[in-house]
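Got the viewer open? Let's take a short walk, one selection at a time.

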There are 6 protein chains.
Amino acid sequence: MERESIEVINTHFVFPNDTNNYGTIFGGKLVEMMDLAGALSAIRFSGEDVVTASIEAIDFRIPIKQGDIYELRSKVIYTAKTSMVVKIDVYREEKPAYKRDFCCRGYFIFVAIDKNGKPKSVPKLKPVSEDDRKFWGVGEIIKRRALERRELTA
Amino acid sequence: MERESIEVINTHFVFPNDTNNYGTIFGGKLVEMMDLAGALSAIRFSGEDVVTASIEAIDFRIPIKQGDIYELRSKVIYTAKTSMVVKIDVYREEKPAYKRDFCCRGYFIFVAIDKNGKPKSVPKLKPVSEDDRKFWGVGEIIKRRALERRELTA
Amino acid sequence: MERESIEVINTHFVFPNDTNNYGTIFGGKLVEMMDLAGALSAIRFSGEDVVTASIEAIDFRIPIKQGDIYELRSKVIYTAKTSMVVKIDVYREEKPAYKRDFCCRGYFIFVAIDKNGKPKSVPKLKPVSEDDRKFWGVGEIIKRRALERRELTA
Amino acid sequence: MERESIEVINTHFVFPNDTNNYGTIFGGKLVEMMDLAGALSAIRFSGEDVVTASIEAIDFRIPIKQGDIYELRSKVIYTAKTSMVVKIDVYREEKPAYKRDFCCRGYFIFVAIDKNGKPKSVPKLKPVSEDDRKFWGVGEIIKRRALERRELTA
Amino acid sequence: MERESIEVINTHFVFPNDTNNYGTIFGGKLVEMMDLAGALSAIRFSGEDVVTASIEAIDFRIPIKQGDIYELRSKVIYTAKTSMVVKIDVYREEKPAYKRDFCCRGYFIFVAIDKNGKPKSVPKLKPVSEDDRKFWGVGEIIKRRALERRELTA
Amino acid sequence: MERESIEVINTHFVFPNDTNNYGTIFGGKLVEMMDLAGALSAIRFSGEDVVTASIEAIDFRIPIKQGDIYELRSKVIYTAKTSMVVKIDVYREEKPAYKRDFCCRGYFIFVAIDKNGKPKSVPKLKPVSEDDRKFWGVGEIIKRRALERRELTA
């Protein structure tokens, strides 16, 4: 079974309690929100329950300040038998001029599971746009490098 | 200036609100706790304020259940001019037999910053034990692969 | 100045701590999420800071259970000089069959404010679709009834 | 069965995390606390479990600042067969002169439910004071307008 | 200046996240709520900002279960130059028969402080009822034992 | 059965939401963290589930500020048949000079319980160091004074 991937969008405010001593969002808090957004994409794509198997990379480029609005855009970009590579991009919005900055990108691997927590097949992702095909390639690299890493750092 | 790295240990319970529908801790929640533990190691090692620059890899091997105790062990394993690679291991403890399982490992990169948020030099890590030397090597791999990834997925 | 209204969509899980003794989301918790989603719409529409002036009505039709996904859809439907009527609809998703139920609708009034907390003009909403025109009418009713209420219950 | 209504009083501090960018409490946070206080009144009055059926109106008159004390006063003011109209008033206290300001009023409708979530009869409210009789009338207006609203905005 | 002491009453639900593995409220969570209630009494009594100087004793007698309502009753019972002894009692309510159990009592010492964090005089408590006089005596014992303890355990 | 006691160390940041109006940690929040750390020591020492039976004393000596790191050191110092006296010390760290201050000490009594919530025997503590013997004596005083208090304040 093949299926197209739909982007999940979530938008939040940075609350005082989410921030460190420089008034910007904690890395760990942002990852928590990315994980939730990623799980939503993976659940909607697969129609199954999912667990986070690994985080392959997250780059924090630009800090997001208290009171800023930030938007998470999450999408399944690659599928294997039971696992899905999900890309999550984060943008911040600063108000006066509606400037929007690309702040952070992460790649997560989610695995579909059945009632007993055993891995379960997922539909195959059907790339539709040019962008889909580009990120399918990125997903493949992410997946291959995940295997390499487990050997290199064992 | 050279400095030895000291392990930071933190221990927590899994609370009801930290869990997903299978009664195990959310990946995102665990990463939040890992980021805090990692920041503590990096602050204590460098004596500076730090920000999370990237998460290079986190493998979730064994789920941690509601009510379990879990322990985070965080240590700076590699240093460059302004950045530190921190390894964070997570163990869970199940009570009757004090069984302790290795559940999760992550590699984070923290950068020391000054009052204006500009990167700042950190002391050089001085490996002492055999283990320190092994993980210095792992840290080098993590750092090299971080650079590769940015090119490969650009 | 006239401006079209864009729907803001947010998607969440119901966490254990969000639920009452029947395992369904607390009314108060759901309203908190609706208020945040509504504020996002009003900020994006007006380009200004906003405060919640009143909640005119919220009907909780179908309970949302722990572990469910719920989606908030928020949109400015009517504008006066400094105030905006925002409609927020909530849907829940139950997994196996992707069934989606309409659970809750609320009408909030937000006011744009300047740095000193004084009300500030907002752009005029430009209805585009048939639906936009229908809900402009609903917004007018909501606004008129708000004035009546203040008299009737004074 | 007839029963008098007793006011439930709750008092809180405004925490940093409860506040927006102007340092005042979020509308949504305040409603969450009002819903909890309202549920307490409805549970104590009826001796039953209750759910929030609707919020009929909340007016936010004066903002409450971080660090302020605020007091919620909640009371059942009108009863129908299975539902109760609850009025919740909010006051803030500013310290030096013990000045107390009326900040916010809301009307909520709660429904008593049995173990299966089905509506269940509640005692009839017995107005005792002049104030009780005045607000019984207000409760009637609230209830009537709730029915009208559902028609007008359907 | 002499002043009577007024009881502060707060009422809460036990939320899922407040509970341990036996489904009853965490000691630490209950103390957090007691400290807030105690601070409210001390602020209202003294008209000053206050800090918690010490907790002299808390006995947890009966556990409070998830979903229970619990009520905190807090009152200044004894005053010295800059400090106040506050007694906080906790009751739980189980629904069907409105049974109310006395669960926990604690004695806290709060100190009034000025803008610079320096101790500041408080009004003298004026005992009015028989109960007030009894607990003034208890407050004296608490205060004396606090001094003894600091010597004995130094 | 005799067993040595091992210190449990936990390290945290003071978050914005943990602080009062003077920017220092709430007494109640600190006690919550102490209770968790104390429970960890008692669970690890006894190998059983535990509940907090009482807090015998907590002295807040030096305030801990927002953004500070604080460290909790928790240890079983005395055992009776089913109960354990746990001492918890709190230190804060201020960054530039790594200055470390002793801020707070508390004595908690935990009781081991079986599946039905009934008290259960715990191993006997075996004091090893000079410090262990000193604090065994302090634990005895704490325990004796707890009994006295219940009589004196009854």
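Start by picking E:Gly47: this residue comes right after helix H1(E), and its phi is positive, near 70°. Keep in mind as you click around that this is a predicted model.

Now step back along the chain and select residues 27–46 of chain E, which make up H1. The helix has 20 residues and spans 28 Å from its first C-alpha to its last, close to the 28 Å expected at 1.5 Å a residue. Switch on a surface for everything else: 19 of the 20 residues of H1(E) are buried, so the helix is largely enclosed by the rest of the structure.

Next stop, the interface. Show chain E and chain F together and select the residues in contact: 35 come from chain E and 36 from chain F. Between them the two chains bury about 2,900 Å², with carbon and sulfur atoms giving 55% of that area. Highlight E:Tyr22, E:Arg145 and E:Thr153, since this trio supplies 22% of the area chain E buries against chain F, more than any other three residues.

Time to turn on side chains. Six salt bridges cross this interface. Zoom in on E:Asp59 and F:Arg150, whose side chains meet in a salt bridge at 3.0 Å, N to O. Polar contacts across the interface of chain E and chain F come to 15 residue pairs.

Which strand gives the most to the side of chain E that touches chain F? Select S3(E), which puts in 12 residues. Finally, color that side of chain E by class, and you'll get 18 nonpolar, five polar and 12 charged residues.

Definitions and conventions: Residues numbered from 1 in each chain as written. Chains lettered and ligands numbered in written order. Predicted model: local features only at pLDDT ≥ 70, side-chain atom pairs only at ≥ 80, totals over all residues. Heavy atoms only, no water. Helix = DSSP H or I, 4+ residues; strand = E, 2+ residues; numbered from the N terminus. Expected span 1.5 Å × (residues − 1). Buried < 20%, exposed > 50% of the residue type's maximum accessible area, 1.4 Å probe, protein only. Contact = heavy atoms within 4.5 Å. Buried area = accessible area lost by both parts, 1.4 Å probe. Salt bridge = Lys/Arg side-chain N within 4 Å of Asp/Glu carboxyl O. Polar contact = N/O pair within 3.5 Å; in protein donor to acceptor, adjacent residues only side chain to side chain. Nonpolar A, V, L, I, M, F, W, Y, C, P; charged D, E, K, R; others polar.
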